[in-house]
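Open the model in your viewer and keep the selection box ready. Each stop gives you something to select and says what is there.

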Amino acid sequence: MTIDIKRHNSKLFWFDLEPNNEKEFITIYILIDDKITLIETGPACSHDNLIRGINEAGFTLSDIDFIIPTHIHLDHFGGGGHIMEVCHNAKAVVHPNAVYHISNIDKWWSGSLDFLGDVAELYGEPLPIPEERIISAEDGFKLDLGSSTLNAMHTPGHAPHHITWINNESAFVGDSLGLWYPEINKAFPVTPGYYRHDLALQSISNMSKLNIDELFYTHFGPRPAAGAFQQTINEFETWMSIVEDGINESLSSKEILGTLFLTQDGLKLTDIKHGIHQRNTHLGSIEGMMGWIKRENEKN
Ligand SMILES: [Zn+2]
C-alpha cells in the first residue's frame, strides 16, 4: 500500500497508519526540528506500514531521534519495541510508570490479553525495549528538540500513565480528550477499564488553561483547539449522567449504548463506519464509566 503523507506544516507531518487495513483509526505524527520525533507507533501488526510512512515522509530509520507515545495501550505503542529495534539512534520517552512494562513486557502483554482478548492478538505482541534506551518523563519534563521543546504534561484519567505532549501551541493529546471524529465535528469519550472520571476532567481542565491552538489526536487527526475542551467536557458529563441513569434503571451496558445512540448525534455513525478494532470501543467506554460509578458508590 502507499501511504499518503499529510504535510500539516514544514515541521509536522502525519499519516494514517491503517493497522490491518482499518482506515482513519490511528494517526502517526512526525515532528521535525534539529531532532526528529515520532509520536505514537501504533500496534506491532502495522510495523511495516510505520516504516513505509517514515520513509515516504523523507526520513531514514536512523534519522529518528525520539519515539514517544502518549501512553502504552497497544494501539498507541504496541509496536514500540519493533520500531525501536530498527531505529538504532532512537530513545523512547514514556511516563515513569510505563518504564518497567515496556522493558519487561510480560505483565503488559498478559494485561492486554485479559482486557482486549482477540483484539490484542490482532494488534500483536510487543517486543521489550532495553532500559538504557528509555527516558522517563516526569510531569513537566522538557525534551530539547533544537529550536523548540516537547513538554510532558501528565494527563491521567483514561490511563494512569497518560502524557499529553506540548510543542509550542500544539498538543498531542492521545486519548485524554476522547476520540475525535472530524466528519461529524465532535469528540466522544474513550474511558476503558479503571477509568478515573475525576482525573480525566481535571486533566482536560489543566489542558484548557494552556495556550494551545491545535490538538493532534491519535484517533484521529488534527483539530482546532477553540471550543474543543468545553465540547469534550460536556460530552463526558452527558455520557456519565446517562450511564448513571442507566445503572439506576438496571440497564445493561448494551442498553445504555442504545440510549446514547438515540441522544448523541453522530455516535451511531462512528460505530457503523469503523472496523474490528474500534467496534466495541463505545461499549468499553460505558463499562469503564459503570466501573467508575460502582467504585465511587462502594466508597460511600
Ligand atoms: Zn488508550
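The tour goes from the whole chain to a sheet, a buried strand, the core and a few single residues.

**Before you start**

This is a predicted model: local features need pLDDT of at least 70, side-chain atom pairs count only at pLDDT 80 or more, and totals for chains, interfaces and linings use all residues. Residues are numbered from 1 along each chain as its sequence is written.

**Stop 1: the whole protein**

Select everything. The C-alpha atoms fill a box of roughly 55 × 40 × 40 Å along the principal axes. The radius of gyration is 18 Å, which agrees with the value near 19 Å for a compact globule of 300 residues. That radius is taken over C-alpha atoms, and the globule rule is 2.2 Å times the number of residues to the power 0.38.

Color by secondary structure. The protein has 11 helices and 15 strands. These are DSSP runs numbered from the N terminus: helices are H or I with at least four residues, strands are E with at least two.

Now color by burial. Of the 300 residues, 47% count as buried. A residue is buried if 20 or more other C-beta atoms lie within 10 Å of its own, exposed if 12 or fewer, and partly exposed in between, with C-beta atoms placed from the backbone.

Contacts come next. Two residues are in contact if their C-beta atoms, placed from the backbone, lie within 7 Å. Among contacts between residues at least 6 apart in sequence, 67% join residues at least 24 apart.

**Stop 2: the open sheet**

Select strands 1 to 7. These 7 strands form an open sheet in the order 1-2-3-4-5-6-7, with mixed pairing. Two strands pair if DSSP finds at least two bridges between them. Which strands stand at the edges? Strand 1 (6–9) and strand 7 (134–136) do; each has a single partner strand, so one side of each is left without a neighbour in the sheet. The twist averages 25° from one strand to the next. Angles run from 0 to 180 degrees between N-to-C directions, and axes are lines fitted to C-alpha atoms, for helices over the stretch in contact.

Zoom to strands 1 and 2. Strand 2 covers residues 12–16 and runs antiparallel to strand 1, joined by 3 bridges. Asn9 has Leu12 of strand 2 as its bridge partner.

Add helix 4 (residues 96–103). Helix 4 packs on the sheet, touching strand 6 (91–94) and strand 7. The direction of helix 4 makes about 160° with that of strand 7.

**Stop 3: strand 10**

Select residues 163–167. In strand 10, 5 of the 5 residues are buried, so it is largely enclosed by the rest of the structure. In a regular strand the side chains alternate between the two faces of the sheet. Here Ile163, Trp165 and Asn167 lie on one side, Thr164 and Ile166 on the other, and all are buried.

Show the partners. Strand 9 (residues 149–154) runs antiparallel to strand 10, with 4 bridges. Met153 has Thr164 as its bridge partner. Strand 11 (residues 170–174) is also antiparallel to strand 10, with 3 bridges. Asn167 has Ser170 as its bridge partner. Between strands 10 and 11 the hairpin has 2 residues, and Asn168 takes a positive phi near 50°.

**Stop 4: the core**

Select Ile28, Tyr29, Ile67, Ile102, Trp165, Ala171 and Leu215. They have the most contacts inside the largest nonpolar core, which has 77 residues. A nonpolar core is a set of buried Ala, Val, Leu, Ile, Met, Phe, Trp, Tyr and Cys residues joined through C-beta atoms within 7 Å. Helix 8 (residues 228–248) gives the most to this core, with 6 residues. Domain 1 (1–138) and domain 2 (155–300) both give residues, so the core lies between them. The domain bounds come from an automatic or database domain assignment.

Center on Ile28. Beyond four places in sequence, its contacts include Trp14, Leu38, Leu50 and Gly53.

**Stop 5: single residues**

- **Phe220.** The peptide bond from His219 to Phe220 is cis, with omega near 5°. Phe220 lies in the loop between strand 14 (214–217) and strand 15 (221–224).
- **Glu18.** This non-glycine residue has a positive phi of about 50°. Glu18 is partly exposed, with 17 other C-beta atoms within 10 Å.
- **Asn185.** Its phi is positive too, about 60°. Asn185 is exposed, with 11 other C-beta atoms within 10 Å.
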